[in-house]
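Trainee: Please put the model on the screen, and let us go through it by question and answer.

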Amino acid sequence: AFEALGNMQRVEEFQGAGFVEKITAELRGIVDHHVAPRRPHLLVCAHPFLLCAILRALTGLFMLIYLAPPLLAFVAGGTVSWALEQLRSMALHASTALLASSALASLQVRYQAGLHIDYVRASAFHVARRFHWRGRERPEMVGNEVYVFGVSGVSKDLSVTIARFLRRGRQLGIPFLLEPASFVLKDLYQSPGHFASWQFLEEVRCVVLLPWDLQLTLFPELYALGVPLVLPTDEFVASYAVQVLHSTRKMFWGVNSVFAGRIAGEWQRAFPFEPWMRIGEDGAEDTTSAAVEPRSQLLHWYQVSDFESFGHTLRFASIAGLLQASAATPPEVLAATSAAMRQEWQQEAQQTVC
């Protein structure tokens, strides 16, 4: 069924005639041949919601549906209303439980469908139980490599700028940039499709994360690992997102207008902005103002993202600040940051279990 979905970035693939029918046929085969014979008591379904909506119609099993943005991924314009009405009916379904994956996801569901859905953050137990950042044990174990994590094809220009700043800083003899300090820029030094292993990330000095969406599964996994995280400030992310969306119309899917859609209702009056950034489009769907400033719009939604609500990260507001935060922060501070991350993760995980 996932293969039949195709690529979320290629809108034309899921806007063609018969797309939903094709996915339904694939899922019916899975239910008949793999789910029904096992007689499970529960089905858990997550992203994309379209699969969950179709599965709900194919089985009478109790379903737990874990909602993550963008809610309308793979949903063509003609089926937006159907998908959102399915969500509203599931909220009343006796054999369905809905959970949102974050405060952001919960708020966006409220805007799109008028539903109040509780949220439970992903705890990444599969990472926390098997791996941990080595520097947390003793500051002298903090490594020298800084891993700069962006998404291929989007953050490359930013990575090139980082590499130029790094080269110039070394030419000037800035101490914390000289060897043995080392920067691994994913976009530039690794082949497409390459992924850093958890064993590698256990040993790095820290991870610089350049977000490509307002919610990333990777973020709670890195937090569970306890590796110090260096993130851009909210203002930096807002400017970066606007540039990316203007030049590519891709990524930042949680606020990308490709997946815009709502059931109109009074509840939208409580929101100053709609979620979707209509950069370069004529007219906005925003219900409260005729002119929407894109950076302010993104900041409104970004403030409830996990990047802002998790409290123990290092921040940078410029490329020079990125290099300084990642390479010059003392090992003792990195170790203390990691310990605070771990404690925060444990508290969040306990709430998840309860």
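The exchange below goes from the whole chain to single residues.

Mentor: Before we start, this is a predicted model, in which local features need pLDDT of at least 70, side-chain atom pairs count only at pLDDT 80 or more, and totals for chains, interfaces and linings use all residues. Residues are numbered from 1 along each chain as its sequence is written, and side-chain values use heavy atoms, with hydrogens and water left out.

Trainee: How many helices and strands does the protein chain have?

Mentor: Helices (H or I, at least four residues) and strands (E, at least two) are DSSP runs, numbered from the N terminus. By that count the protein chain has 16 helices and eight strands.

Trainee: What percentage of the residues in the protein chain is buried?

Mentor: Buried means under 20% relative accessible area, exposed means over 50%, and partly exposed lies in between (1.4 Å probe, protein chains only). Of the 354 residues in the protein chain, the buried share is 50%.

Trainee: How much of the accessible surface of the protein chain belongs to carbon and sulfur atoms?

Mentor: Accessible areas come from the Shrake-Rupley method with a 1.4 Å probe, and for residues only the protein chains shown count as cover. The surface comes to about 16,700 Å². The part that belongs to carbon and sulfur atoms is 53%.

Trainee: Which helix gives the largest share of the largest nonpolar core?

Mentor: A nonpolar core is a set of buried Ala, Val, Leu, Ile, Met, Phe, Trp, Tyr and Cys residues joined through side-chain atoms within 4.5 Å. The largest one has 114 residues, and those with the most contacts inside it include Phe49, Phe183 and Leu298. The largest share of this core, eight residues, comes from helix 12.

Trainee: Does the loop after helix 12 hold anything odd in the backbone, and which residue there is buried with a positive phi?

Mentor: Arg249 and Met251 are both in the loop between helix 12 (234-248) and helix 13 (294-302). Arg249 has a positive phi of about 60° although it is not a glycine, and at 44% relative accessibility Arg249 counts as partly exposed. The phi of the other residue is near 65°, also positive in a non-glycine, and its relative accessibility of 8% makes it buried: Met251.

Trainee: What is the omega of the cis peptide bond between Glu179 and Pro180?

Mentor: Pro180 lies in the loop between helix 8 (156-171) and strand 5 (182-185). A cis peptide bond also joins His47 and Pro48, with omega about 0°, and Pro48 is in the loop between strand 1 (42-45) and helix 4 (49-58). For Glu179 and Pro180, omega is about 15°.

Trainee: How many residues of helix 4 are buried?

Mentor: The buried residues of helix 4 include Phe49, Cys52 and Arg56. Helix 4 is mostly covered, and of its 10 residues the buried ones number eight.

Trainee: What is the handedness of the disulfide between Cys45 and Cys52?

Mentor: A disulfide is a pair of cysteine sulfur atoms within 2.5 Å, and a search of the whole structure finds one. Cys45 and Cys52 are joined with an S to S distance of 2.2 Å, and both are buried. The torsion about their S-S bond is about -90°, so the disulfide is left-handed.

Trainee: Why do the buried residues of helix 3 lie on the same side, and what arc do they cover?

Mentor: An α-helix has 3.6 residues a turn, so residues three or four places apart point the same way. The buried residues of helix 3 are Phe19, Ile23, Thr24, Leu27, Val31 and Val35, while Glu21 and His33 on the other side are exposed. The arc is that of the directions from the helix axis to the C-beta atoms. The buried residues are on the same side of helix 3 because they cover an arc of only 120°.

Trainee: What is the relative accessible area of Gln112?

Mentor: Gln112 is in helix 6 (residues 103-113). Leaving aside neighbours within four places in sequence, Gln112 is in contact (heavy atoms within 4.5 Å) with residues including Leu71, Arg262, Trp267 and Trp276. Gln112 is buried, and its relative accessible area is 3%.
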